[in-house]
Amino acid sequence: MKAANYLNITADQLHSYMAFVFPTGNQIFLQDNTPCHKARIVYEWFEEHTDEFHLMSWPPNSPDLNPMEHIWDVMEWELRVQTPPCPNISTFRDHCLDI
């Protein structure tokens, strides 16, 4: 994703959502080190909105802070070792739900 597209989503969608959910402002927002998140135009936008968002920095060599990634790894492993493989999308869905 290009930085300009990410900024449009952040400014148009996220900004109004965060203002609605957290009306007091100055909420903590975390981004990983994806290039579009670190782009100058994105950083400058967050600087302009420091009264609404506190942009938490993501350490460059940190362990994965997103627990969902670990869940996806477990699901993938479970699906790969399944014998025989799922014959159709319905069976695949059911097996994902079981996991």
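**Exercise 1. Classify C86 by its accessibility, then settle whether C86 is bonded or free.**

Step 1. C86 has a relative accessible area of 22%. Buried means under 20%, exposed over 50%, and partly exposed in between, with a 1.4 Å probe and protein chains only. C86 is therefore partly exposed.

Step 2. Now look for a partner. A disulfide is a pair of cysteine sulfur atoms within 2.5 Å. The nearest cysteine sulfur to that of C86 belongs to C96, 7.0 Å away, and C86 is in no disulfide.

Step 3. Turn to the other cysteine. C96 is in no disulfide either, its nearest cysteine sulfur being that of C86. With 19% relative accessibility, C96 counts as buried.

Step 4. Widen the search to the whole structure: zero disulfides are found.

A friendly note on the ground rules: this is a predicted model, where local features need pLDDT of at least 70 and side-chain atom pairs count only at pLDDT 80 or more, while totals for chains, interfaces and linings use all residues. Residues are numbered from 1 along each chain as its sequence is written, and side-chain values use heavy atoms, with hydrogens and water left out.

**Exercise 2. Describe helix α1, its bend and its buried side.**

Step 1. Find the helix. Helices (H or I, at least four residues) and strands (E, at least two) are DSSP runs, numbered from the N terminus. Helix α1 covers residues 3-21 and has a kink of about 35° centred on L14. The bend at a residue is the angle between axes fitted to the seven residues ending there and the seven starting there.

Step 2. List the buried residues of α1: A3, Y6, L7, T10, L14 and M18. Their cover includes β1 (27-30), α2 (35-38), α3 (40-48) and β2 (53-56).

Step 3. Zoom in on T10, which is buried with a relative accessible area of 3%. Contact means heavy atoms within 4.5 Å. Leaving aside neighbours within four places in sequence, T10 touches H15, W45 and F46.

**Exercise 3. Place F22 and T50, two loop residues, in their surroundings.**

Step 1. F22 lies in the loop between α1 and β1. Its relative accessible area is 35%, so F22 is partly exposed.

Step 2. T50 sits in the loop between α3 and β2, and at 43% relative accessibility T50 is partly exposed.

Step 3. Compare sequence with space: T50 and Q27 are 23 residues apart in sequence, and their C-alpha atoms are 9.4 Å apart.
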